[in-house]
Each structure stands twice: as structure tokens, then as C-alpha cells.
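The following exercises invite the reader to examine a structure step by step. Each task is followed by a worked solution.

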Amino acid sequence: MPTSLSQVIRELAAAVRSKRAAGGILFVHNAARASCFANRCQSLRAVVATCGEAVEQGITELGANVLIVEYPHHGPRSMGAMVSRMLQQSPAAPAAVQRDLGDLHRCG
């Protein structure tokens, strides 16, 4: 039986929150729902793997801990490079990003 995207994201968020996982990589047909859902979870900072530069920016600027890959739009080489870069990092959001996220969480 297929698992729903929202359930996968809930499980990933719980694993990150409990420190059983540092983050995750989601391979999806369409990144819009996945990015919207994942970024609703306080423990997740998800970025869409549009290109290597976007992944790098998500890691360095946001401490991204979730990479969302629209696999129909990437070949094995580009997917491999983006996934490899994500796996090389220890996700940690800069303090300014944590403050901004806290403020945005309260905006309703």
C-alpha cells in the first residue's frame, strides 16, 4: 500500500526532531506539494533541487536538512551531484535563520 506524502513528511519530521535522523531526501514527481508540506514542520528546512547552485545555497544559507528532488527532471549525474552534496553536510541553520523562522511561525 503506498504511503501518503504527508505521512512520509510527518515521519521524517519526527525522526529529525528526535535526532534519529539529521535530515532526508525526497524523490518526487512534483516538488510543489512536498516543499509546502515539509516546510510546515518546524524541524524541517526543505529546499528543492533545481540545480547544484540552489542546493549549495540552501545548505549554506539555510542549513537545509531536506532535499526535494523532482526526479523526472534530472539525469543520474545531476541527481548524484546534488544528493552527494547534501549528504556531505551536517545541517545547522544559522542563528539569524532560526530567529526569522520563529518569527514567521507566529505570523499565522
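**Exercise 1: A loop residue**

Determine whether K19 is buried, partly exposed or exposed.

Solution. K19 has a relative accessible area of 74%, and therefore counts as exposed; the cut-offs are under 20% for buried, over 50% for exposed and in between for partly exposed, with a 1.4 Å probe and protein chains only. The model is a predicted one, in which local features need pLDDT of at least 70 and side-chain atom pairs count only at pLDDT 80 or more, while totals for chains, interfaces and linings use all residues. Residues are numbered from 1 along each chain as its sequence is written, and side-chain values use heavy atoms, leaving out hydrogens and water.

Next, locate the residue: K19 lies in the loop between α1 and β1. Helices (H or I, at least four residues) and strands (E, at least two) are DSSP runs, numbered from the N terminus. Finally, consider the backbone: the phi of K19 is near 65°, a positive value in a residue other than glycine. Most residues other than glycine have a negative phi.

**Exercise 2: Two helices that cross**

Describe how helix α1 and helix α2 are placed relative to each other.

Solution. Begin with the axes: those of α1 (residues 5–17) and α2 (residues 31–38) come within 10 Å and cross at roughly 40°. Axes are lines fitted to C-alpha atoms, for helices over the stretch in contact, and angles run from 0 to 180 degrees between N-to-C directions. The two helices are therefore oblique to each other; angles under 35 degrees count as roughly parallel, over 145 as roughly antiparallel, 65 to 115 as roughly perpendicular and the rest as oblique.

Then identify the residues: L5, S6 and I9 in α1 meet R33, A34, F37 and A38 in α2, where contact means heavy atoms within 4.5 Å. By class, this contact of α1 with α2 comprises five nonpolar residues, one polar and one charged. Ala, Val, Leu, Ile, Met, Phe, Trp, Tyr, Cys and Pro count as nonpolar, Asp, Glu, Lys and Arg as charged, and the others, Gly among them, as polar.

**Exercise 3: The nonpolar cores**

Identify which residues touch the most other members of the largest nonpolar core.

Solution. This core has 14 residues, and I9, L26, V28, L44, V66 and I68 touch the most other members. A nonpolar core is a set of buried Ala, Val, Leu, Ile, Met, Phe, Trp, Tyr and Cys residues joined through side-chain atoms within 4.5 Å. Two or more residues come from each of α1, β1 (24–28), α2 and β3 (66–70), and α1 gives the most, with four. Apart from this core lies another, of 11 residues, including V55, A64, L67 and V83.

**Exercise 4: V55 and its helix**

State where V55 lies and which residues it contacts.

Solution. V55 belongs to helix α3 (residues 52–62). Its relative accessibility is 1%, so V55 counts as buried. Leaving aside neighbours within four places in sequence, V55 is in contact with A49, L67, M82 and R85.

Now turn to the helix pair. α3 and helix α4 (residues 76–87) pack at about 15°, with axes 9 Å apart, which makes α3 roughly parallel to α4. G52, V55, E56 and I59 of α3 and M82, R85 and M86 of α4 make the contact. The classes here are four nonpolar, one polar and two charged residues.
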